[in-house]
Amino acid sequence: MSREFEVDEDYRFIGRTFAEYGRMFGIERGDLADRVILDCPGGPGSFTAVAARLTRRTLAVDPAYGPSVERLSARCRAAVDRTVSQLQRDPSRFVWDEYGDPETRGRYLRAAAERFLADYATHPGRYLQAALPSLPLPTDSVDLVLSGNLLFLYDDRLDAAFHVDAMLELARVAREELRVFPLHALDHEESALLAPTVERLRERGLTVERHAVPYEFQPGATETLVVSGTAGFDGR
Ligand SMILES: C[S@@+](CC[C@H](N)C(=O)[O-])C[C@H]1O[C@@H](n2cnc3c(N)ncnc32)[C@H](O)[C@@H]1O
């Protein structure tokens with residue numbers, strides 16, 4: 001039986017496509033072959049559904065997983081509609097090179113959600129209900145972790161201790177590397193929690209670098225955080 005988690009609607013249940021993930025994290029199809037990948041939080045994104053065919057194994061973790069496809073579908077629809085309305089009200093806050101306009105961004109979100117929902121129905125084993133900062137996964141159990149649009153973005157509701165604990169947990173699970181995007185918060189400024197979090201990770205002996213990526217939606221948010229040297233790291 002799945003454990004019930006409190007799912008805060010403030011963490012918007014929208015997801016990106018596989019192609020957007022490639023640009024956000026600066027990874028290419030060839031980087032995925034033969035690897036085991038964790039997408040956390042997976043949300044209603046299509047990365048896992050597509051990557052599962054290109055990798056040894058791909059797994060998505062999110063506290064919102066567990067309900068029926070119908071319930072998740074309704075939640076996704078409401079979240080996408082709310083997002084598109086917000087974008088239509090104030091498009092000038094974003095850079096539109098990637099999507100062109102709010103309606104196209106909505107089409108991307110709906111395409112990702114459809115692909116996710118179909119895969120969630122047919123391959124439930126790829127979608128694990130769990131919440132950072134504690135994952136029910138063994139140390140070094142995946143090669144690469146991708147973490148998009150939660151850490152740093154929601155720094156108004158996830159505090160400094162949560163960020164450090166979550167990053168250490170993701171680094172524990174990753175055998176090779178952890179990538180996080182974006183480094184900017186919802187106010188579009190670089191998160192004030194970035195520098196102190198990086199400092200804590202370096203103190204634990206992890207290598208942390210910023211890599212430029214070919215994706216920009218929040219103005220100036222064009223870097224992913226790459227944490228390496230995670231092999232054997234036990235999270236403490
Ligand atoms: C905006 S979505 C991002 C989804 C996907 N990574 C992407 O970039 O498209 C944020 C997700 O974070 C999830 N979330 C909220 N709290 C979490 C936690 N403590 N641990 C892991 N995921 C969490 C939410 O359920 C939601 O699906």
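**Reading burial, packing and pairing in a predicted model**

Tutor: The buried residues of helix H1 pack against helix H3 (47-51), helix H5 (102-122), strand S4 (142-148), strand S5 (174-181) and strand S7. Keep in mind that this is a predicted model.

Student: Which residues of H1 are buried?

Tutor: H1 covers residues 18-25. Its buried residues are Glu20, Tyr21, Gly22, Met24 and Phe25. Gly26 comes just after H1 and takes a positive phi of about 65°.

Student: Why is Leu225 called buried?

Tutor: Count its neighbours. Leu225 has 23 C-beta neighbours inside 10 Å. The cut-off is 20 or more. Leu225 therefore counts as buried.

Student: And what makes Glu203 exposed?

Tutor: Glu203 has 9 other C-beta atoms within 10 Å. Exposed means 12 or fewer, so Glu203 qualifies. Glu203 sits in helix H7 (residues 194-203). From Gly106, Glu203 is 97 residues away in sequence and 41 Å away in space, C-alpha to C-alpha.

Student: Where is Leu225, and which residues is Leu225 in contact with?

Tutor: Leu225 lies in S7 (residues 223-228). Beyond four places in sequence, Leu225 is in contact with Arg179, Val180, Leu183, Val208 and Arg210. Contact here needs C-beta atoms within 7 Å. One of those residues, Val180, is also the bridge partner of Leu225. Leu59 is another matter: 166 residues separate Leu225 and Leu59 along the chain, and their C-alpha atoms are 21 Å apart.

Student: How do you know that S5 is mostly covered?

Tutor: By counting buried residues. S5 has 8 residues, and 6 of them are buried. Across the whole protein, 42% of the 236 residues count as buried.

Student: What makes the sheet open, and what is the strand order?

Tutor: The order is S3-S2-S1-S4-S5-S7-S6, with mixed pairing among the 7 strands. Look at the ends. Strand S3 (127-128) and strand S6 (207-212) each have a single partner strand, so one side of each is left without a neighbour in the sheet.

Student: How do you know that the pairing is mixed?

Tutor: Take the pairs in turn. S4 and S5 run parallel, joined by 6 bridges. S5 and S7 run antiparallel, with 4 bridges. S6 and S7 are antiparallel too, with 6 bridges. Both senses occur, and the sheet is mixed. In general, strands of a sheet pair through backbone hydrogen bonds, either parallel or antiparallel.

Student: Why do S2 and S3 count as a pair, with 2 bridges?

Tutor: The threshold is at least two bridges. Strand S2 (residues 57-61) and S3 have 2 bridges, in the parallel sense, so they meet it. At residue level, Val61 has Leu128 in S3 as its bridge partner.

Student: Which residue stands opposite Leu146, and which is the bridge partner of Ala212?

Tutor: Leu146 stands opposite Arg179 in S5. Ala212 has Glu223 in S7 as its partner.

Student: What makes the largest nonpolar core, and how many residues has it?

Tutor: The core has 62 residues. Membership asks for buried nonpolar residues joined through C-beta atoms within 7 Å. Those with the most contacts inside the core are Leu38, Val145, Met167, Leu170, Ala171, Val173 and Ala174. Helix H6 (residues 160-173) gives the most, with 7 residues. Ala174 touches Val142, Leu144, Val145 and Thr230, apart from residues up to four places away in sequence. In soluble globular proteins, nonpolar side chains tend to be buried together.

Student: How many residues surround the ligand, and which are the closest?

Tutor: There are 19, and the closest are Pro41, Gly43, Leu132, Gly148 and Asn149. The shell divides into 11 nonpolar, 5 polar and 3 charged residues.

Student: How many helices and strands are there, and why is the protein called as compact as a globular protein of its length?

Tutor: There are 7 helices and 7 strands. Now set the radius of gyration against the globule rule. The protein has 17 Å, and the rule gives 18 Å for 236 residues. The two are close, so the protein is as compact as a globular protein of that length. Its C-alpha atoms fill a box of roughly 45 × 40 × 35 Å along the principal axes.

Student: What share of the contacts comes from residues 24 or more positions apart?

Tutor: Such pairs account for 74% of the contacts with a separation of 6 or more.

Conventions. Residues are numbered from 1 along each chain as its sequence is written. This is a predicted model: local features need pLDDT of at least 70, side-chain atom pairs count only at pLDDT 80 or more; totals for chains, interfaces and linings use all residues. Two residues are in contact if their C-beta atoms, placed from the backbone, lie within 7 Å. A residue is near a molecule or strand if its C-beta atom, placed from the backbone, lies within 6 Å of it. Ala, Val, Leu, Ile, Met, Phe, Trp, Tyr, Cys and Pro count as nonpolar, Asp, Glu, Lys and Arg as charged, and the others, Gly among them, as polar. The radius of gyration is taken over C-alpha atoms; the globule rule is 2.2 Å times the number of residues to the power 0.38.
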